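Student: Please take a close look at a single part of this model, the loop with a cis peptide bond and the helices packed around it, and explain each term with its cut-offs as you go.

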Amino acid sequence: MPQTVPLSWYLILSAILFGLGVAGFIFRRNIITVFMSIELMLNAVNLSFIAFSYQLRQVDGHIFSFFVMVVAAAEAAVGLAIILTVFKNRATLAIDEVNSLKN
Amino acid sequence: MQQLWLIPALPLAGFLINGLIGKRLPKMVVSLIAVASVVLSFGWVLKTLSALGSLETAYVERYFTWFESGTLNIGFDLAVDRLTAVMLLVVTGIGSLIHIYATGYMEHEGGYYRFFAYLNLFMFFMLMLVLGGNFLILFVGWEGVGLCSYLLIGFYILKKSAGDAAKKAFIVNRIGDFGFCLAMFLIVVNFGSLDFGKVFEAVKPMPVEATAGILTAIALLLFVGATGKSAQVPLYVWLPDAMEGPTPVSALIHAATMVTAGVYMVARSAVIFERSPMAMEVVAIVGLITAVMAATIGMTQYDIKKVFAYSTVSQLGYMFIACGVGAFSAGIYHVVTHAFFKALLFLGAGSVIHAVHGEQDMRHMGGLMKKIPITFAVLTCAWVSIAGIPPFAGYFSKDEILLAAHHHHPWMYWVGVVTAGMTAFYVSRAMFMTFFGKYRGHAHPHESPFVMWGPLAVLAVLSLAGGWYFKVPHYLEPLFPLSGEAHDMTLVAISVGAGALGIGLAYVCYVLSPGIPDTVSGALGPIYKLVYNKYFVDEVYDATIVNPMVGGSRSVLWRIVDAGIIDGIVNGTATVSRSVGGALRMLQSGNIRSYAAWVTLGGVAVLVVLGVMAGGAK
C-alpha cells in the first residue's frame with residue numbers, strides 16, 4: 001500500500017482535535033458546548049485507536065472504539081438529562097453559576 | 001465424695017434468689033430463703049464433719065482443674081482439716097444466729113432483700129475462704145468477703161459517712177491484699193504450686209531461718225495481708241469506721257468472722273511462719289501494739305459501737321500475739337470464743353440501739369437494766385466472758401494466750417495483763433453507762449422481739465460455757481502440738497485479778513462516784529485528748545498519704561497527664577485533621593472549569609513524568 005496516509009498524520013489530527021476539546025472544555029461557559037467538547041475529546045481518542053488498529057493490522061482498536069462509542073452514547077443520554085434538569089431549576093446554562101452542591 | 005461444695009453453694013443460691021427476684025418477694029419469703037440457706041449450710045457442715053470422722057489428716061476434694069500454665073496447676077479444690085472444721089462451725093453457726101437476729105433487726109429498714117442478698121453472698125465467700133484447698137481459692141474468698149464488707153458497710157446508701165467508710169475499708173484492704181498477692185507470687189516462684197499440701201510439704205524440710213530469707217519474706221508479706229483484713233496496726237483504721245454498717249453486719253463481718261480471716265490465714269501458713277523467728281516476732285509485736293493502742297482508745301469512746309469496734313481490734317491483736325509466740329491453737333481458740341462473746345456484744349448493742357430508737361451515744365443511755373432486762377442479762381454474759389472471769393469462754397482462750405506469751409517473753413505477758421485490765425475496764429464502762437444509773441435519753445425504751453433475743457440467748461450460753469465445752473487447742477493438736485507446760489497458777493491469778501480490777505475500777509468510776517472520770521481526764525489533759533482523738537492516726541494518714549495522693553492526682557494526674565497529655569493527643573489529632581481539611585477545602589471551589597483545569601494539569605503532569613521516566617530508562 002504505497003499511497004496510504006502516514007500514521008503520524010492521523011495522530012497529529014487526533015492530538016489537534018483532543019487539544020480543541022480540552023480548550024473548549026476549559027474555556028467555554030455554556031454547558032452544551034462543554035458537553036460537545038467532551039464528545040470531541042472522546043472521538044479524537046477514537047481516531048487514534050482506529051489509526052493504530054489499521055497500522056498494526058489488529059482488531060483490538062476497533063473494539064475499543066466501539067466501547068468508547070457506547071459509553072459516549074450513554075453519557076450523552078445522562079448528560080443531556082442533567083442539562084435539562086439544571087436548566088429547569090436554574091434557568092441558566094452558564095457553567096460557572098452552577099457551583100454549589102447546596103440548593 | 002462428701003459434696004463439700006454444697007456448703008458454700010447453699011448461701012450462694014440464697015444470694016442469687018434474693019438478689020435477682022428478692023425485690024418482688026414478700027419480706028417473709030426473703031428472710032426465709034436467707035436464713036434457711038445458711039442454716040442448711042450449717043446442717044451440711046455438721047453432717048459432713050460427722051461423716052469425715054476424726055480428720056487427723058486433711059480431706060481434699062478436687063472438682064476440676066481451674067487453670068494450667070506450664071508446670072503450675074491450680075485446681076478448684078475444697079479441703080477440710082481440723083482447723084477448717086473449727087472455722088466452718090464458727091462461720092455457719094454464728095452466721096445462722098446472726099441471720100435470724102437480722103430478720104428482726106432489719107424489719108423496718110428499706111432494701112431488706114438487698115441486705116440479705118449481700119449477707120448470703122458474704123457467707124458464700126467466707127466459706128470459700130475457709131474451705132479453699134490452695135492459696136488462690138483462699139484469696140478468692142478473701143477478696144469476696146472484702147467486697148461484701150464494702151457493700152454492707154455502705155448499706156445505707158444515702159448516708160455519705162457510710163459511703164466514705166465503705167470506700168475507706170475497701171482501699172485500706174487493697175494495701176494488705178497487695179502484700180498477699182506478692183506472697184503468693186513468691187510461693188509460686190519458689191515452690192511451683194499454691195496447694196497447701198504441696199507448699200507445706202516443700203517447706204517442712206527447710207531449716208529455720210536465722211536471718212531473713214525467702215520464708216521470712218513470704219511470711220511477712222502474708223502478714224501484711226493479714227494486717228489489712230484483720231485490722232492490725234498500721235492498717236486498722238478502717239474497722240472503727242466500718243461501724244457505719246447495720247449492727248448485724250458489725251457482728252457477723254467485723255467481729256465474728258471476716259476480721260478473723262487474717263488469723264486463720266496465719267495459722268494456716270503456720271509451717272512457713274514457724275521457720276522464720278523474725279516474722280513471728282513481728283507478728284507478736286504488731287499484735288501487742290494493736291492490742292494496747294486499741295484498748296486505750298476503747299476506754300475513751302462514747303459511741304457504744306465504737307467501743308466494741310476498738311475492742312475487736314484489740315482482741316484481734318491478742319490473737320496475733322498468740323500466733324506470734326507460736327501458740328497458733330490458742331489464737332484460733334480466741335477466734336472461737338471471741339466470735340461468741342463479741343457477736344453477742346454487738347448484737348446486744350444492736351438490741352440496745354433498737355430499744356432507744358437509734359441512739360448510739362452512751363451519754364444518752366443509762367438505767368436501761370429494768371427496761372430491757374433480757375438484753376441486759378445476755379450482755380452480762382458477754383461482759384464477764386470478755387473480762388476474762390473464770391470459768392467463762394473468754395477466760396480460757398485469753399489465759400492460753402497470756403501463758404504462751406509469758407513462755408516466749410515475760411514482758412509480753414505483763415503488757416497483755418495490762419491490756420486485759422483495760423479490756424475489762426472499757427467493757428464494764430460501757431455496761432455501767434448503758435444499764436446503770438438513771439436514763440438520760442428521751443426515747444421510750446422497749447425490749448426487742450423474740451427473733452432478736454432468741455439468738456442472743458444462744459450466744460449467751462456459748463459465751464458462758466463455750467470455752468469450757470469446746471477444747472479447741474486439744475482438737476487442733478494434730479496440727480499445732482501443745483507445749484505441754486503446766487499452767488502456772490500465779491500467772492493465771494494475776495491476769496484474772498487484772499480483769500477483776502478493771503471491772504472494779506469501772507464500777508467505782510461510773511457507778512459509785514461518777515465525777516471521777518471527768519477529774520481524771522481533766523488531770524491528764526493533753527494525753528486524754530490524744531487518746532480520745534484516737535492518737536490522731538486518721539489525721540496523720542490524711543496529711544501524709546491521703547492528701548498528697550489526692551492533691552497529686554488532681555494537679556499532676558488530672559490537670560497535666562489527663563487534661564494535658566491524653567486529651568491533648570486526642571484533641572490535637574482532631575485539630576490537625578481539621579486544619580488540613582480546611583486547606584484542602586480550597587480546592588473544592590465548585591467551579592467546574594477549575595476542576596477541568598486541575599484534571600488537565602494532572603494529566604499533563606502524568607504525561608511529563610512518564611516521558612521523563614521513559615527518557616531515563618533509555
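Tutor: Helices here are DSSP runs of H or I with at least four residues, strands are runs of E with at least two, and both are numbered from the N terminus. The model is predicted, so that local features need pLDDT of at least 70 and side-chain atom pairs count only at pLDDT 80 or more, while totals for chains, interfaces and linings use all residues. Residues are numbered from 1 along each chain as its sequence is written, and chains are lettered from A and ligands numbered from 1 in the order in which they are written.

As a setting for the loop, chain B has 25 helices and two strands, and its C-alpha atoms fill a box of roughly 115 × 65 × 55 Å along the principal axes. Of the 618 residues of chain B, 50% count as buried, where buried means that 20 or more other C-beta atoms lie within 10 Å of the residue's own, exposed means 12 or fewer, partly exposed covers the values in between, and C-beta atoms are placed from the backbone.

The cis bond is the one from B:Val233 to B:Pro234, with omega near 5°, and B:Pro234 sits in the loop between helix 8 and helix 9 of chain B. B:Ala231 belongs to the loop between helix 8 (214–229) and helix 9 (238–241) of chain B. With 31 other C-beta atoms within 10 Å, B:Ala231 is buried. Two residues are in contact if their C-beta atoms, placed from the backbone, lie within 7 Å. Leaving aside residues up to four places away in sequence, B:Ala231 touches B:Tyr236, B:Trp238, B:Leu239, B:Val259, B:Val313 and B:Leu316. B:Ala231 is also 9.2 Å from B:Ser314, C-alpha to C-alpha, although 83 residues separate the two in sequence. For chain B as a whole, residues 24 or more positions apart account for 81% of the contacts with a separation of 6 or more.

Helix 9 of chain B, which follows this loop, is also among the elements that cover the buried residues of helix 10 of chain B, a group that includes helix 3 (82–105), helix 4, helix 5, helix 14 (304–324) and helix 15 (328–355) of the chain. Helix 10 (residues 247–256) is mostly covered, with ten of its ten residues buried; among them are B:Thr247, B:Pro248, B:Ser250 and B:His254.

Two of the covering helices also pack on each other: helix 4 (residues 112–131) and helix 5 (residues 135–153) of chain B meet at an angle of about 155°, with their axes 7 Å apart. That angle makes helix 4 of chain B roughly antiparallel to helix 5 of chain B. Axes are lines fitted to C-alpha atoms, for helices over the stretch in contact, and angles run from 0 to 180 degrees between N-to-C directions; under 35 degrees counts as roughly parallel, over 145 as roughly antiparallel, 65 to 115 as roughly perpendicular and the rest as oblique. The contact involves, among others, B:Tyr118, B:Phe122 and B:Phe125 of helix 4 of chain B and B:Gly141, B:Trp142 and B:Cys148 of helix 5 of chain B. By class, this contact has 15 nonpolar, two polar and no charged residues, with Ala, Val, Leu, Ile, Met, Phe, Trp, Tyr, Cys and Pro counted as nonpolar, Asp, Glu, Lys and Arg as charged, and the others, Gly among them, as polar.

A nonpolar core is a set of buried Ala, Val, Leu, Ile, Met, Phe, Trp, Tyr and Cys residues joined through C-beta atoms within 7 Å. In the largest such core, of 203 residues, B:Ile321, B:Ala343 and B:Leu344 touch the most other members, and the largest share, 18 residues, comes from helix 4 of chain B. Apart from this core lies another, of six residues, including A:Phe25 and A:Ile95.

For comparison with the loop, a further cis bond, also with omega near 5°, joins B:Pro390 to B:Pro391, and B:Pro391 is in the loop between helix 16 (373–386) and helix 17 (393–408) of chain B. Another loop, between helix 15 and helix 16 of chain B, holds B:His357, whose phi is near 60°, a positive value in a residue other than glycine. B:His357 counts as exposed, with 12 C-beta neighbours inside 10 Å.
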